Amino acid sequence: GRTDGGVAKMWLNIIPPMVKAVQKAGGTFTNCEFRDIVFDDATNVKCGFTHDGWFKTLPGKHKRFFSSYYQHVADVCFVHMVYDQIPERTGLEVGPGTEYWPRIKNLQKAAGFLSISKSTTDDLCEIYGICDGSKYVATSDNRVSPDFHRASQSEVEKFKKTLKSQKPYILVVGKRYAYKNYGILWEGIEQMPESFKQKYQVLLVGVPEEEDHGIETNAIQFVPEEGMNAMYTGAAAFVYTTKYEGFGMPPIEAAACGTTLILGPFHRDRMPQVFGDLALYATSGDEMKEALEKVAAGDVPSSKKLIARSKLYGGDPKHGWNEVAKDYLEYLIHGPFRRHTEGGQHCSAIVDDPEDCRFVTTDDGIELAP
């Protein structure tokens, strides 16, 4: 339904190149319209999820079904999209009657899986015992838009003039649920000397902070896409202390702007391959204090190297969303699939030669490999 969240951004970026590639290869891509979201060149229809056998009437001999949000059908080859296991990891109720229960049921029924990160794939094994990830799971890390880049000084100054305070700012973006772990930011700040707390402010994009932590704290509710480069570029540091995510796009956005990163347990322990030693890490108030001291002293990783790393996750179109579209589409075509499941028993081979219907990424999308 939303078009501004991370999940929506993914689908809006990967479906168009998948549609074009399928059509060029002689296939049909059918989009089940939801809230009037349609895709150019796709066959956009109102789907009859409640009617048994409806999907068998759609064009194509070898059908594949995948859903953006927990939908399942029983009469065609069904591949399940997996974003994260945050509810399980954070102790939320996931049993029958909850919004998460269909996802859990689908894990049992699916022929295979599409995963947004190595962390998510690891969780399939650790929590549900689906440990043959390299075989039945297409894992492709999320990406960000290539539009994220370091802003000019004039753009940064223009953004700063819209703020309540002109102090250098420590940036926090998004909701601050308990598992986001921002308590360690405030603990670290409270340990900093008065000179630091007088020099800097904390800028929150989202709800205001209700407690007083001895530092000026300001909140803005929304920053338009065109203003985000300046917001990130102007920050003294971007803080993202989360314990769990599916992937976590904001640090990549900030990295593309060359902004110093202070990251939490998720990136340090579950996704170290993304930033490695190009980020500062904090998993406690004491470690946050150490990271903030480095920011204040200018003892931070190279911005140029950080920008270069971000290109692997969106800055270069060939390594951006087009690569995710390629990875997912090839799995949907080739599998392999769990044939013993409800969704797997309908998965017939589309091609006989495993080298057929392979794709390469281009600046504009994906196309059949030569």
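Is Asn181 buried or exposed? Asn181 counts as buried, because its relative accessibility is 11% and buried means under 20%. This is a predicted model. The protein chain has 15 helices and 14 strands. Its 370 residues would have a radius of gyration near 21 Å as a compact globule, and the chain has 22 Å, which agrees.

**Overall build**

- The C-alpha trace spans about 70 × 45 × 35 Å along its principal axes.
- Buried residues account for 51% of the 370 residues in the protein chain.
- Contacts between residues at least 6 apart in sequence often reach far along the protein chain: 63% of them join residues at least 24 apart.
- The protein chain exposes about 17500 Å². Carbon and sulfur atoms supply 49% of that area.
- The protein chain carries 42 positive and 50 negative charges. The mean positions of the two sets are 1 Å apart.

**Backbone exceptions**

- Most residues other than glycine have a negative phi, and most peptide bonds are trans.
- Asn181 has a positive phi of about 70° although it is not a glycine. Asn181 sits in the loop between strand E7 (169-173) and helix H7 (183-191).
- Tyr70 also has a positive phi of about 70°, and Tyr70 is not a glycine. Its place is the loop between strand E3 (64-66) and strand E4 (77-82).
- Tyr70 is buried, because its relative accessible area is 14% and the cut-off is under 20%.
- The peptide bond between Gly335 and Pro336 is cis, with omega at about 10°. Pro336 belongs to the loop between helix H15 (321-334) and strand E13 (359-361).

**Strand E4 and its partners**

- E4 is mostly covered, with 6 of its 6 residues buried.
- In a regular strand the side chains alternate between the two faces of the sheet.
- In E4, Cys77, Val79 and Met81 point one way. Phe78, His80 and Val82 point the other way. All of these residues are buried.
- E3 and E4 pair in the parallel sense over 3 bridges. Phe66 has Val79 in E4 as its bridge partner.
- E4 also pairs with strand E5 (residues 112-115), in the parallel sense and over 4 bridges. Here Met81 stands opposite Leu114 in E5.
- Val79 is thus named in the pairing with Phe66, and Met81 in the pairing with Leu114. Val79 and Met81 point one way from E4.

**His267**

- His267 is found in helix H11 (residues 265-270).
- His267 counts as buried, because its relative accessibility is 2% and buried means under 20%.
- Beyond its neighbours within four places in sequence, His267 is in contact with Tyr240, Phe247, Gly248, Pro251, Pro272, Phe275 and Tyr281.

**Met249**

- Met249 lies in the loop between strand E10 (237-240) and helix H10 (250-256).
- Met249 is buried, with a relative accessible area of 9%.
- Leaving out neighbours within four places in sequence, Met249 is in contact with Gly6, Lys9, Asn142, Arg143, Val144 and Trp321.
- Met249 and Trp321 are 72 residues apart in sequence. Their C-alpha atoms are 12 Å apart in space, and the two residues are in contact.

**Arg89**

- Arg89 is part of helix H2 (residues 86-90).
- Arg89 is partly exposed, because its relative accessible area is 27% and that class lies between 20% and 50%.
- Setting aside neighbours within four places in sequence, Arg89 is in contact with Asp123, Glu126, Ile127, Tyr244 and Arg270.
- Arg89 and Asp123 are 34 residues apart in sequence. From C-alpha to C-alpha they are 9.2 Å apart in space.
- Arg270, one of the residues in contact with Arg89, falls within the range of helix H11 (residues 265-270). His267 is found in H11 too.

Methods
Residues are numbered from 1 along each chain as its sequence is written. This is a predicted model: local features need pLDDT of at least 70, side-chain atom pairs count only at pLDDT 80 or more; totals for chains, interfaces and linings use all residues. Side-chain values use heavy atoms; hydrogens and water are left out. Helices (H or I, at least four residues) and strands (E, at least two) are DSSP runs, numbered from the N terminus. The radius of gyration is taken over C-alpha atoms; the globule rule is 2.2 Å times the number of residues to the power 0.38. Buried means under 20% relative accessible area, exposed over 50%, partly exposed in between (1.4 Å probe, protein chains only). Contact means heavy atoms within 4.5 Å. Accessible areas come from the Shrake-Rupley method with a 1.4 Å probe; for residues, only the protein chains shown count as cover. Lys and Arg count as positive and Asp and Glu as negative; His and the chain ends are not counted. The place of a charge is taken as NZ of Lys, CZ of Arg, CG of Asp or CD of Glu. Two strands pair if DSSP finds at least two bridges between them.
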